[in-house]
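The exercises below are to be worked with the model open, and each task is followed by a solution that goes step by step.

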Amino acid sequence: QSETSDKSSAESDSEAEVEQVSVYRKLLATLKTSPESESEEEEDESESEEAGESETEMDSEGSQETGEAGGGEEDKNDVLDQEEGITATDTAEQMLAQEQADGGNTSCDPSHGVIEEFTDVKHESEFSLETNFMEEESGDCNADKRESTSSQAFSEDPFKQHMDKELEEKEVEKMSTLPKTSSQSKWPRLGQLTFSSTLEKRKTLKADKEVDVKQLYLHKPLESTWPKVNKQFLSSANKPSDPSFTPLQRELFCIMNTYRDLFYPERNALTNGEEIRHAYCLHALNHVLKANAQVLSNNAKRRDQKPGTDNDDYRDQGLTRPKVLMIVPFRECALRIVHIFISLLEVNDKRKIDVSNKKRFKGEFGSDPEEKPPNLKRPEDYEAVFAGNIDDHFRIGVAILQKSMRLYAPFYSSDIIIASPLGMRTIIGAEGEKKRDFDFLSSIEILIIDQADIYLMQNWEHVLHLMKHINLLPRDSHGVDFSRVRMLNLNNWSKYHRQTLLFSALQDPQINSVFNKHCFNYVGQVAVRNVPLSGSISHVVVQLPHVFRRLEAENVTSVIDTRFQFFIDKVLPEYRDAIMSHTLIYVPSYFDYVRLRNYFKKEELNFTHICEYTKKAGVCRARRFFLKGEKQFLLFTERFHFYKRYTIKGIRNLIFYELPTYSHFYSEICNMMKATDNGVDATWTCTVLYSKYDAQKLAAVVGIDRTAQMLQSKKNVHLFVTGEN
């Protein structure tokens, strides 16, 4: 049946396809930075240029180049933006508004045509929570019987404890007005933890050295499937008494299972990314299966009860059905999550679950391994982050009912929504737009934001926009049975019951701000707060003097202007002399880059520039001019480095206008000097600008001890690195 639906849906897709490019595509042309297959080929060509193609070949190649998305008008547009005071966010708002007005919810297929967003309405009745009952022979039913015979065990279930907790108005008032109290604890694997809560001080959670999977209150079939699914991460060192979790997963799940908010800033795509993904998928699926089993069980009880009986005992739902929202950066991440869900639901090879629209999902979220040029050489972490389908505009609803899973479920019939920040942004819309919808976010009980650091490289505004629209009262009822809605939802207290799980590769003030200002969980928060003992400067392999120049800013808001003034008054004059040629200026913020570039043009300095919107031909020219010394300065954005990782040859002087977001970029950029033909040069320099507000980034580069000294001293700091420190 699912294959037939796949076929019919594919046919309807081709009928609905429209030739013209949507306004959303125009938005992508100016804002999108994810490298698609086309830009990967451009990288390939650029790498061959490094291998020694002639200038003529590069110029002719450049003239034929259609350009990377949005690069053509880069200079002109940016200058206009700067002069007229228009930010990229404003432009995005306008274009998104236009896109919503023109076409509503469109989703781009792989061929970049425009199709109506597909939702599976065919299987609506099969997956309806209102009209289905617990299957007698299913494990769910047995679980329900087991629970009813042991009410004590049922009451100890963390899911029941969390969802059945009825807050009082004075508690809500406390959470709204009083500051959080915090305590510290050290766990064997996670390290330094900060527990914080507004309500009465709860007993400090201790790390379980061993976990019996039967004591975790996992819903069937997860008890039996989890050890098999997670086997790939387990080593022979695992204790026989704890055969199903790695030490990291055990401690993370111990926190997740108490329904506290969690911030873990040490996610690494190369090392622990997949084991973390498996742990939060287990928690999310466990939550959904329990919630749905409770509803189906109560459906049966209501069906069997006598007419006129009070129904107030069956409050088991939110105002809308979606319970879990998973924010991930690329389609490949959504693909992996769905595969984990399927594996966790399939008890054995004989009992396969029915997954509707699976073929379509694989086509839209999968990738062709042959699309990527084989001779691209990039760091391992780059390959891990940008594996598979890296389209960053998607959203998909998933409904799970007993032994079946429905992909592309309409949002109001979904249990789990998997989306990118941009995918959420285009459906939430902006103030004043006709076609916008965020009611489906009203009753989200678990919010998972994975790889949060990547959104800093995409568009952080989309994350903030989402956080402002989650757990609001819906504008329409959407056919809800109010007699089944929990009081916490009716009181508009959903946000106090929402658990937020935030995973990132780094500590960053913007990510910290979301965790501190947008998470209101009554159970409290847990943040991992380890400090780096040695920084990435220890991985610099070239002999190089590092000069850290401190600038004094009155407050956080004035840092941007203070840094610019400090740079043009104190730093730039030292580099204006022709002897200081081959100077690369690394600029993390795009807006700082635009400001600097406009200043350099006004002062008629001999410079070239590369940013994430620069055409491929422009990149080739800039690299060539810089290498040959025809241009003294090269302005270079962090996002370009994040998405491309080109090696820039010819650097003799480095200026970090601000410390990099990713600490390993510091050593990567410094080590590019190895590519300079002359080898080690005694005149090489590296200058870094920092302020007291850069403490986290500074610690990641130089280590915590040096950071403490540098923040206490107001003098410039000189460090000399000789090879591996």
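**Exercise 1.** Decide whether Glu-171 counts as buried or exposed, and determine which class fits its salt-bridge partner, Lys-165.

*Solution.* The model is a predicted one, and the steps below are to be read with that in mind. Start with the accessibility of Glu-171, which comes to 12% in relative terms; because buried means under 20% relative accessible area, Glu-171 counts as buried. Next take Lys-165, whose relative accessible area is 27%, so that this residue falls between the limits of 20% and 50% and is partly exposed. Finally, place the two side chains together: Lys-165 and Glu-171 meet in a salt bridge, with 3.7 Å from N to O.

**Exercise 2.** Find which residue forms a salt bridge with Asp-450, and then establish which network of salt bridges includes this pair.

*Solution.* The partner of Asp-450 is Arg-277, and the closest N and O atoms of the two are 4.0 Å apart. Locating each residue shows that the pair links distant parts of the chain, since Asp-450 sits in the loop between strand 11 (446-449) and helix 18 (452-457), whereas Arg-277 belongs to helix 13 (residues 273-304), 173 residues apart. Asp-450 and Arg-277 are both buried. The last step is to widen the view to the network of salt bridges, in which Arg-267, Glu-274, Arg-277, Glu-332, Arg-336 and Asp-450 are linked. For the model as a whole, the count comes to 28 salt bridges.

**Exercise 3.** Examine the salt bridge between Glu-612 and Arg-639, and work out where Thr-608 lies and which residues it touches.

*Solution.* The closest N and O atoms of Glu-612 and Arg-639 are 3.3 Å apart. Glu-612 lies in the loop between strand 16 (607-610) and helix 25 (616-628), and Arg-639 in helix 26 (residues 638-644), so the salt bridge ties together parts that are 27 residues apart in sequence. Glu-612 and Arg-639 are both buried. Turning to Thr-608, its place is in strand 16, and with a relative accessibility of 9% Thr-608 counts as buried. Leaving aside residues up to four places away in sequence, Thr-608 touches Ala-622, Lys-631, Phe-633, Leu-634 and Leu-635.

**Exercise 4.** Describe how helix 19 packs with helix 22, and then how helix 28 packs with helix 29.

*Solution.* Two packed helices are described by the angle between their axes and the distance between the axes. For helix 19 (residues 460-468) and helix 22 (residues 509-517), the angle is about 5° and the axes are 11 Å apart. Angles under 35 degrees count as roughly parallel, and helix 19 and helix 22 are therefore roughly parallel to each other. In their contact, Trp-460, Leu-464 and Met-467 of helix 19 meet Gln-510, Ile-511 and Val-514 of helix 22, a set that by class has 5 nonpolar, 1 polar and no charged residues.

For helix 28 (residues 695-702) and helix 29 (residues 704-712), the angle is about 130° and the axes lie 7 Å apart, which makes helix 28 oblique to helix 29. The crossing of these two helices, 28 and 29, is right-handed. From helix 28, Ala-695, Leu-698, Ala-699 and Val-702 meet Ile-704, Arg-706, Thr-707, Met-710 and Leu-711 of helix 29, and the residues of this contact divide into 7 nonpolar, 1 polar and 1 charged.

Technical notes: Residues are numbered from 1 along each chain as its sequence is written. This is a predicted model: local features need pLDDT of at least 70, side-chain atom pairs count only at pLDDT 80 or more; totals for chains, interfaces and linings use all residues. Side-chain values use heavy atoms; hydrogens and water are left out. Axes are lines fitted to C-alpha atoms, for helices over the stretch in contact, and angles run from 0 to 180 degrees between N-to-C directions. Helices (H or I, at least four residues) and strands (E, at least two) are DSSP runs, numbered from the N terminus. Angles under 35 degrees count as roughly parallel, over 145 as roughly antiparallel, 65 to 115 as roughly perpendicular and the rest as oblique. A crossing is left-handed if the near helix is turned anticlockwise from the far one by less than a right angle, and right-handed if clockwise. Contact means heavy atoms within 4.5 Å. Ala, Val, Leu, Ile, Met, Phe, Trp, Tyr, Cys and Pro count as nonpolar, Asp, Glu, Lys and Arg as charged, and the others, Gly among them, as polar. Buried means under 20% relative accessible area, exposed over 50%, partly exposed in between (1.4 Å probe, protein chains only).
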